[in-house]
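User: I am new to this structure. Could you take one part of it, look at it closely, and then show me how it connects to the rest?

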Amino acid sequence: MNMSFLDRWRKRQRAHRSVPLAESVRADPDSVVELLSECELLRAQAATAGVELDDSVGSLEALDQLQPVWRDDPEVLPWLGNDAGLYLGTVLVRTVRGAVWHVWPDGQPVVRLASGREIDVVATGHEWADVGAPELSQVYAEASES
């Protein structure tokens, strides 16, 4: 049975397939940097506590001093950890010479330093949100020395 409308639909569906993050980073790195830097939940939590996230090292230090009220909410905790990691990555990429976003084949965004070392900032953000260590400012200090 020939159903031409199905052929047209299939072609349209193939044309609108999602683009992997790795391809997006190569094609339009500035847009990806902006997307990864949004961190809306973290920014809202910080603003509630009077902390301005201005993509500076000082803002990482201020985050390290926040009372971890998010640990009481199991729905917020993983999202906040993700945002904390992305924010740490944003500060690294914007302030450490040679630091860039890189995406592993599984889609995980990491920060690659000029030395070639890669930092899984999302995993670091989750650890920070869960237990408070390592401190975001400490991870930044170690990375900026590389």
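Analyst: Start with one pair of residues. Val 111 has Ile 119, in strand 3, as its bridge partner. Helix 6, residues 77-95, packs on the sheet and touches strand 1, strand 2 and strand 3. The direction of helix 6 makes about 130 degrees with that of strand 1. Keep in mind that this is a predicted model.

Now the sheet itself. Its 3 strands are ordered 1-2-3, the sheet is open, and the pairing is antiparallel. Which strands stand at the edges? They are strand 1 (100-103) and strand 3 (118-119). Each has a single partner strand, so one side of each has no neighbour in the sheet. Strand 2 covers residues 109-112 and pairs with strand 3 over 2 bridges, in the antiparallel sense. Strand 1 and strand 2 also run antiparallel, and 4 bridges join them. One partnership there matches Val 100 with Arg 112, which sits in strand 2.

Strand 1 and strand 2 form a hairpin, with 5 residues between them. Gly 107 lies in the turn and has a positive phi of about 95 degrees.

Look next at the side chains of strand 1. In a regular strand, side chains alternate between the two faces of the sheet. Strand 1 shows this alternation. Trp 101 and Val 103 point to one face and are buried. Val 100 and His 102 point to the other face and are not buried.

From the sheet, move to the nonpolar core. The largest such core has 36 residues. Leu 63 and Leu 92 have the most contacts inside this core. Six elements give two or more residues to the core: helix 3, helix 4, helix 5, helix 6, helix 7 (121-131) and helix 8 (136-145). Which helix gives the most? Helix 6 does, with 9 residues.

Leu 92 shows what these contacts look like. Setting aside neighbours within four places in sequence, Leu 92 is in contact with Val 111 and Ile 119, the pair we began with. Its other contacts on that count are Ala 99, Val 121, Tyr 140 and Ala 143.

Helix 6 also carries a charged residue worth following. Arg 94, in helix 6, forms a salt bridge with Glu 34, and their closest N and O atoms are 2.9 Å apart. Glu 34 belongs to helix 3 (residues 29-36), and the pair is 60 residues apart, linking distant parts of the chain. Are these two residues buried or exposed? Neither: Glu 34 is partly exposed because its relative accessibility is 47%, and Arg 94 is partly exposed because its value is 36%.

Arg 94 meets a second acid. The side chains of Arg 94 and Asp 55 form a salt bridge at 2.2 Å, N to O. This pair also links distant parts of the chain, 39 residues apart, from helix 6 to the loop between helix 4 and helix 5.

Asp 55 has another partner too. Arg 43 and Asp 55 meet in a salt bridge at 3.3 Å, N to O. Arg 43 lies in helix 4 (residues 40-48) and Asp 55 in the loop between helix 4 and helix 5, so the pair ties together parts that are 12 residues apart in sequence. Their exposure differs: Arg 43 is partly exposed at 26%, while Asp 55 is buried, with a relative accessible area of 16%.

Put the pieces together. Glu 34, Arg 43, Asp 55 and Arg 94 are linked in a network of salt bridges. The structure holds 4 salt bridges.

One more residue deserves a stop. Ser 59 lies in helix 5, residues 57-64. Ser 59 counts as buried because its relative accessibility is 2%. Beyond residues up to four places away, Ser 59 touches Glu 52, Leu 53, Asp 54 and Tyr 87.

Finally, step back to the whole chain. The chain has 8 helices and 3 strands. Along the sequence, the pattern reads α-α-α-α-α-α-β-β-β-α-α. Of its 146 residues, 36% count as buried. Take contacts between residues at least 6 apart in sequence: 57% of them join residues at least 24 apart. The accessible surface comes to about 8800 Å², with 51% belonging to carbon and sulfur atoms.

How values were computed:
Residues numbered from 1 in each chain as written. Predicted model: local features only at pLDDT ≥ 70, side-chain atom pairs only at ≥ 80, totals over all residues. Heavy atoms only, no water. Buried < 20%, exposed > 50% of the residue type's maximum accessible area, 1.4 Å probe, protein only. Contact = heavy atoms within 4.5 Å. Pairing = 2+ DSSP bridges. Axes fitted to C-alpha atoms, helices over the stretch in contact; angles between N-to-C directions. Areas by Shrake-Rupley, 256 points an atom, 1.4 Å probe, with all protein chains shown as cover. Core = buried A, V, L, I, M, F, W, Y, C linked by side-chain atoms within 4.5 Å.
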